[in-house]
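Biologist: I should like to go through this model term by term. Please set each value against its definition.

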Amino acid sequence: MHFFDADATRTALPFEALIAALRARFAAGCEVPARHVHEIVNPPGEAGQDAAGRRMTSLLMPAWIAGQYYGVKIVNIAPGNARRGLPGLHGSYLLFDARTGAPLAHIDGDQITARRTAAASALAASYLARPDARHLLVVGAGRVAQLLPAAYRAVRGIDPETVWARDPAQAQALAAQVRASGVAAFASTDLPAACAEADIVSCATLATEPVVRGEWLAPGSHLDLIGGFTPAMREADDACFQNARVFVDTDEALQKSGDLLVPMQHGVFRADEVRGTLTTLCKGVATGRKSATERTVFKSVGTALEDLAAAVLVLESASAAPAA
């Protein structure tokens, strides 16, 4: 059984290879059952710890390719970890032989989640952003937002890049990180103006109220919505979806995403008007961008298919590496 820590996992998942692996896996498919959610309530620990601090949520996300690989991502969310000086989320990925059940690898789940999330957005943009799209606006400055510039550069000739975040210091730090890679980048405090200038707007926040408004978006732009993964979370207002062609990563997004549920409730669009998923795009069944002037929107909530594709890439990359 191989063990891949965060550094080894990151090294094994360069975006060009990861996006190609996701494209191939979405086209080929795999089995993805519903995820399991378990609430684990622990006895009171330290004085003053509230109920949320004593409750841990564990998510189990399985997927398998018959006759090849079976994997499970385990994500543990402990809201009380902030007062302990620990991250609130820990993830691990376990990969097995689907025929024998033998364990093959234990992989850092946080790296898999962050990198496959950014790669899925770039994969969607390869179909939905204009071929000449250059100006990327990243909204947010967290773990996934920090990966988006490199992921997008794997599919489009991105230069320049703009960063906006609620904390201007975080936006400045991410812009400096991008400049260090040799790409022009700057932080903005004017989100409407930044949206108007961008060819691609990619949002990776935990917002519960719209951050981006449709009136700010330029004709021909592509809007990528990553952060919201519950019905109570929204990054975009209803106008972002008006007169736009809408795509999702999987049909599950239509049940889980507030970004989609709210405008559908308001009659902006119907579920059957969504133009495609990553599966139908990668299979060539759905048509991506049709013109240079239309607006496109992609909403993702994540899927265990992506985790499995990334985990297999990690293991097979290590197996193919020459011995030292």
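Biologist: Which residues do ring pairs link into a cluster?

Modeller: Trp-64, Tyr-70 and Phe-96 are linked in this way. The model is predicted, with local features needing pLDDT of at least 70 and side-chain atom pairs counting only at pLDDT 80 or more, while totals for chains, interfaces and linings use all residues. Residues are numbered from 1 along each chain as its sequence is written, and side-chain values use heavy atoms, with hydrogens and water left out.

Biologist: Why is the pair of Trp-64 and Tyr-70 called edge-to-face?

Modeller: Rings of Phe, Tyr and Trp (its six-membered ring) pair if their centres lie within 6.5 Å; planes under 30 degrees apart are stacked, over 60 edge-to-face, and the rest tilted. For Trp-64 and Tyr-70 the centres are 6.1 Å apart and the planes make 65 degrees, so the pair is edge-to-face. By this rule there are 3 aromatic pairs.

Biologist: What makes Trp-64 and Tyr-70 partly exposed?

Modeller: Buried means under 20% relative accessible area and exposed over 50%, with partly exposed in between (1.4 Å probe, protein chains only). Trp-64 has 32% and Tyr-70 has 30%, so each is partly exposed.

Biologist: How do you know that S4 and S5 pair?

Modeller: Strands (E, at least two residues) and helices (H or I, at least four) are DSSP runs, numbered from the N terminus. Two strands pair if DSSP finds at least two bridges between them. Strand S4 (residues 69-77) and strand S5 (residues 89-97) have 9 bridges, in the antiparallel sense, so they meet the rule. Tyr-70 has Phe-96 in S5 as its bridge partner, and Phe-96 in turn is bridged to Pro-103 in S6.

Biologist: Why do S1 and S2 count as edges of the sheet?

Modeller: The open sheet of 6 strands follows the order S1-S6-S5-S4-S3-S2, with mixed pairing. Strand S1 (2-4) and strand S2 (36-41) each have a single partner strand, so one side of each lacks a neighbour in the sheet.

Biologist: What makes the charged end of Arg-115 sit over the ring of Phe-15?

Modeller: The rule asks for NZ of Lys or CZ of Arg within 6 Å of the ring centre and within 35 degrees of the ring normal. The charged end of Arg-115 is 4.3 Å from the centre of the Phe-15 ring, so the distance condition is met; the pair is listed as sitting over the ring.
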